[in-house]
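Please look over the sequence and the model below. The report that follows takes the sites one at a time.

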Amino acid sequence: MLVLGIESSCDETGIALYDTEKGLLGHTLHSQVKLHSFYGGVVPELASRDHIKYIIPLIDQLLKDNSISINLIDSIAYTAGPGLSGALLVGSSLAEALAYSLNIPSIPVHHLEGHLLAPMLEDDKPSFPFVALLVSGGHTQLIDVKGIGQYKILGDTLDDAAGEAFDKTAKLLGLGYPGGSALSELADKGNAKYDLPRPLFHTHGLDFSFSGLKTAVLTLVKKQPNLTLAVKANIAFSFQESITDVLVKKSIQALKQTSYNNIVISGGVGANKKLREKLITQSKSENFRAYFPKLEFCTDNGAMIALAGALRAHLSSKNDYKFSVQPRWKLSEIESNF
Ligand code: KG4
Ligand code: ZN
């Protein structure tokens, strides 16, 4: 089965072709980061308009690059939520209209399900069940994944998401938006000069809280008589140490609690080198295995949506071409929506 995947939930237009026999055939992405960086965050109306501008040319180009005729597509998977309603509407309406015109089924996909299944795009895939650490701009969750659509949230953030904490800290250091990857590059030049808090590190629960860490960085930044590049690098290093220590500690705790052997990391913060290194080392030392998507599939992309669509086609393929986007769709509500 050949699935066309469409992602348009936020500020990336992602398109992919996934074949259930051959795997990922190709994917393409248009990022709106430059468009929004002037405003210091995503402007929803601009995001929708930009998706409209790029979505059809990207599909055309991907089909052309892979020498695939549109008539060979068997079904169309698209992100139906959560995300920005206008942005979701662009992908959803195009996907349903295209599926209708081709007389093929459509598959609405939950964006976070796409993220948590993304490690299955790799040759070395995790098998079910596993623990997923989902760390993105809007989410920080530990999830018990028993199979497709069988997700139980084990831990969640009580305030800021991990990506949000990276972005806010990056902003305080003048690194622009979104600043997660810039902060991580700057941290490579720093060292552990400051001892920042590791919120909820010693608790037994699996929830996270990062707003106190962000406030501690703010206080530290204000105290500096001279915020030189070297000082910023040390702050970035110390912040990254704190947040990755907490994420890894809770991940190992979740593995022990579930008695599973495998953990997957996904979402934009999953691209963080320090987090990947620490999780690999600590998992190995406890006889667990950590799986990651390639860096390009940690952040938003069409490949994870095409894959999730292919994996849940038997559960949620539909032929009525009706659609409603779900900006606040919870992962735990995934089954009840179909
Ligand atoms: O999954 P994603 O692309 O979009 C959402 O669904 O939110 O995640 C974006 C988040 C942003 O907060 C960004 O700063 C963060 O992922 N991010 C990183 C890195 N690359 C992206 N955070 C830390 N280190 C990175 N290398
Ligand atoms: Zn995402």
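## Ligand 1

Which residue has a side-chain N or O atom 3.2 Å from an oxygen atom of ligand 1? The residue is H115. This is a predicted model, and every distance here is computed from it.

Two further polar approaches to ligand 1 stand out. G268 uses its backbone: an N or O atom there sits 3.0 Å from an oxygen atom of the ligand. N272 uses its side chain, with an N or O atom 3.0 Å from a nitrogen atom of ligand 1. Taken alone, ligand 1 exposes 550 Å², and the protein buries 86% of that. In total, 19 residues surround ligand 1. The closest are G137, D167, G180, G268 and N272. G268 and N272 therefore appear both in that closest set and among the polar approaches.

## The zinc site

H115 also serves the metal. The zinc ion (ligand 2) is coordinated by H111 through NE2, H115 through NE2 and D300 through OD. The distances run from 2.0 to 2.1 Å. The spacing of these donor residues in sequence is H-x3-H-x184-D.

Why does this site link distant parts of the chain? H115 lies in helix α4 (residues 111-117), while D300 lies in the loop between β10 (289-291) and α10 (303-316), so the pair ties together parts that are 185 residues apart in sequence. Both residues are buried: H115 has a relative accessible area of 1%, and D300 has one of 13%.

The geometry is irregular, with angles of 93 to 137° among four donor atoms. Four donors count as tetrahedral only if all angles lie between 85 and 135 degrees, so the upper value of 137° rules that label out.

## L279 in helix α9

L279 sits in helix α9, which covers residues 273-285. Is L279 buried or exposed? L279 is buried, at 0% relative accessibility.

What does L279 touch beyond its neighbours within four places in sequence? The contacts are V248, S251, I263, I265, A290 and F292. N262 is 17 residues away from L279 in sequence. The two C-alpha atoms are 11 Å apart in space.

## S209 and D159

S209 is placed in the loop between α6 (180-187) and α7 (211-223). With 13% relative accessibility, S209 counts as buried, because the cut-off for that class is under 20%.

The side chain of S209 makes a polar contact with the side chain of D159, at 2.7 Å. D159 is also one of the contacts of S209 outside its neighbours within four places in sequence. The others are T157, P199 and L200.

## Cis peptide bonds

Two peptide bonds deserve a check in the viewer. G81 and P82 are joined by a cis peptide bond, with omega of about -15°. P82 lies in the loop between β4 (75-81) and α3 (85-102).

F128 and P129 are also joined by a cis peptide bond, with omega of about -5°. P129 lies in the loop between α4 and β6 (130-135).

## Positive phi values

Which non-glycine residue has a positive phi of about 60° in the loop between α3 and β5 (106-110)? That residue is N103. N103 is exposed, with a relative accessible area of 63%.

Y321 has a positive phi too, near 60°, and is not a glycine. Y321 is found in the segment after α10. At 17% relative accessibility, Y321 counts as buried.

## S85 and the later chain

S85 is placed in helix α3. S85 is partly exposed, with a relative accessible area of 37%.

How far apart are the C-alpha atoms of S85 and S324? They are separated by 9.7 Å, although the two residues are 239 residues apart along the chain. Leaving aside neighbours within four places in sequence, S85 is in contact with V325 and P327.

Key
Residues are numbered from 1 along each chain as its sequence is written. Chains are lettered from A and ligands numbered from 1 in the order in which they are written. This is a predicted model: local features need pLDDT of at least 70, side-chain atom pairs count only at pLDDT 80 or more; totals for chains, interfaces and linings use all residues. Side-chain values use heavy atoms; hydrogens and water are left out. Donors are N, O and S atoms within 2.8 Å of the metal (3.2 Å for Na, K and Ca); water is not among the atoms, so sites may look incomplete. Four donors count as tetrahedral if all angles lie between 85 and 135 degrees; four count as square planar and six as octahedral if opposite donors are over 155 degrees apart and all others between 65 and 115; anything else is irregular. Helices (H or I, at least four residues) and strands (E, at least two) are DSSP runs, numbered from the N terminus. Buried means under 20% relative accessible area, exposed over 50%, partly exposed in between (1.4 Å probe, protein chains only). Contact means heavy atoms within 4.5 Å. A residue is near a molecule or strand if one of its heavy atoms lies within 4 Å of it. A polar contact is a pair of N or O atoms within 3.5 Å; within protein, one must be able to donate a hydrogen and the other to accept it, and residues adjacent in sequence count only if both atoms are side-chain atoms. Accessible areas come from the Shrake-Rupley method with a 1.4 Å probe; for residues, only the protein chains shown count as cover.
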